[in-house]
Amino acid sequence: MESDEKDLLPLSALQHFAYCPRQFALIHLEQIWEENRFTAEGQILHERANSGETETRGDIHTARSLRLVSHTLGLTGIADVVEFHRHTQGTELPGRSGLWHPFPVEYKRGRSKADDWDRLQLCAQAICLEEMLGVEVSEGAIFYGKPRRREAVEINESLRDTTRELSMRMHAQWSERRTPPADYGPKCDRCSLKEHCFSASSTASNYLKRMLEP
Ligand code: SF4
């Protein structure tokens, strides 16, 4: 798949789609967005990361709010932080001597999750960097707000395959302009669109029945 500029979707949409295809459709197709405690906390955590500042400490140059694009995934967006580590396998950077290897760092509120939602978004960023800079990106990290710590993420083949497959499914759903029906489950408790889903869907009563089942 090679996407034109006009067909590019936001990087953040991939995480929404992985979390729930209906959530992706509500936000990106129907333009519905509602704040809740989780989204507000996430915004605060991103403020520093998205400041646009750059800094160099020793052999690490840090770029913030870096625009990324992948035409094979059909995605574009802003990376919170990309560190460039001085490395013989790296790439040249404008105005800097030597070679630098990219290492994406995504900021997330809350804790590390068993599901791959966050890791998929990071993997998509890594693929963007590979296409843009022509170097392999085999590792990145996610900075979680609670506790405040980094989790290293290996950008392995399995994660890459899932990222590519999800991106293709997301683009297919986007082309059809389709909002799938609600598929209620525990994930809905953390979803900022829960109220909308509950009130908009005639299947809300089914959800209540399922939740009350022994
Ligand atoms: S409430 Fe549940 S089904 Fe509805 S968009 Fe959110 S996660 Fe998806």
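This is a short chat about a predicted model, its ligand site, its helix packing and two backbone details.

Visitor: Hi! Which residues are around the ligand?
Guide: Happy to help. The ligand is surrounded by Y19, C20, Q23, D183, K187, C188, C191, K194 and C197.

Visitor: How does that shell divide into nonpolar, polar and charged?
Guide: Five of the shell residues are nonpolar, one is polar and three are charged.

Visitor: And where does the ligand sit?
Guide: The ligand is in the largest cavity.

Visitor: Thanks! Switching to helices: at roughly what angle do the axes of α1 and α2 cross?
Guide: Helix α1 covers residues 11-19 and helix α2 covers residues 21-29; their axes cross at roughly 140 degrees and come within 5 Å of each other. The two helices are therefore oblique to each other.

Visitor: Which residues meet there?
Guide: From α1 you have S12, A13, H16, F17 and Y19, and they meet P21, Q23, F24, I27 and H28 of α2. By type, that contact has six nonpolar residues, four polar ones and no charged ones. Two names return from the ligand shell: Y19 and Q23 are among the residues around the ligand.

Visitor: Nice link. What about α1 and α5, how do their axes cross?
Guide: Helix α5 spans residues 157-175, and its axis crosses that of α1 at roughly 90 degrees, with the axes coming within 10 Å. That crossing makes α1 roughly perpendicular to α5.

Visitor: Who makes the contact?
Guide: On the α1 side, A13, L14, F17 and A18; on the α5 side, T163, L166, S167, R169, M170 and Q173. These residues divide into six nonpolar, three polar and one charged. A13 and F17 also take part in the contact of α1 with α2.

Visitor: New topic, backbone. Is the peptide bond from K146 to P147 cis or trans?
Guide: The bond from K146 to P147 is cis, and its omega is near -15 degrees. P147 itself is in the loop that lies between β6 (139-145) and β7 (148-154).

Visitor: Which residue has a positive phi although it is not a glycine?
Guide: S65 has a positive phi, about 55 degrees. You can find S65 in strand β3, residues 60-70.

Technical notes: Residues numbered from 1 in each chain as written. Predicted model: local features only at pLDDT ≥ 70, side-chain atom pairs only at ≥ 80, totals over all residues. Heavy atoms only, no water. Near = heavy atom within 4 Å. 1 Å grid on protein atoms, 1.4 Å probe; cavity = no way out; pocket = protein on both sides within 12 Å on 5 of 7 lines; lining within 4 Å. Sits in = over half its atoms within 2 Å of the grid points. Nonpolar A, V, L, I, M, F, W, Y, C, P; charged D, E, K, R; others polar. Axes fitted to C-alpha atoms, helices over the stretch in contact; angles between N-to-C directions. Helix = DSSP H or I, 4+ residues; strand = E, 2+ residues; numbered from the N terminus. Parallel < 35°, antiparallel > 145°, perpendicular 65-115°, else oblique. Contact = heavy atoms within 4.5 Å.
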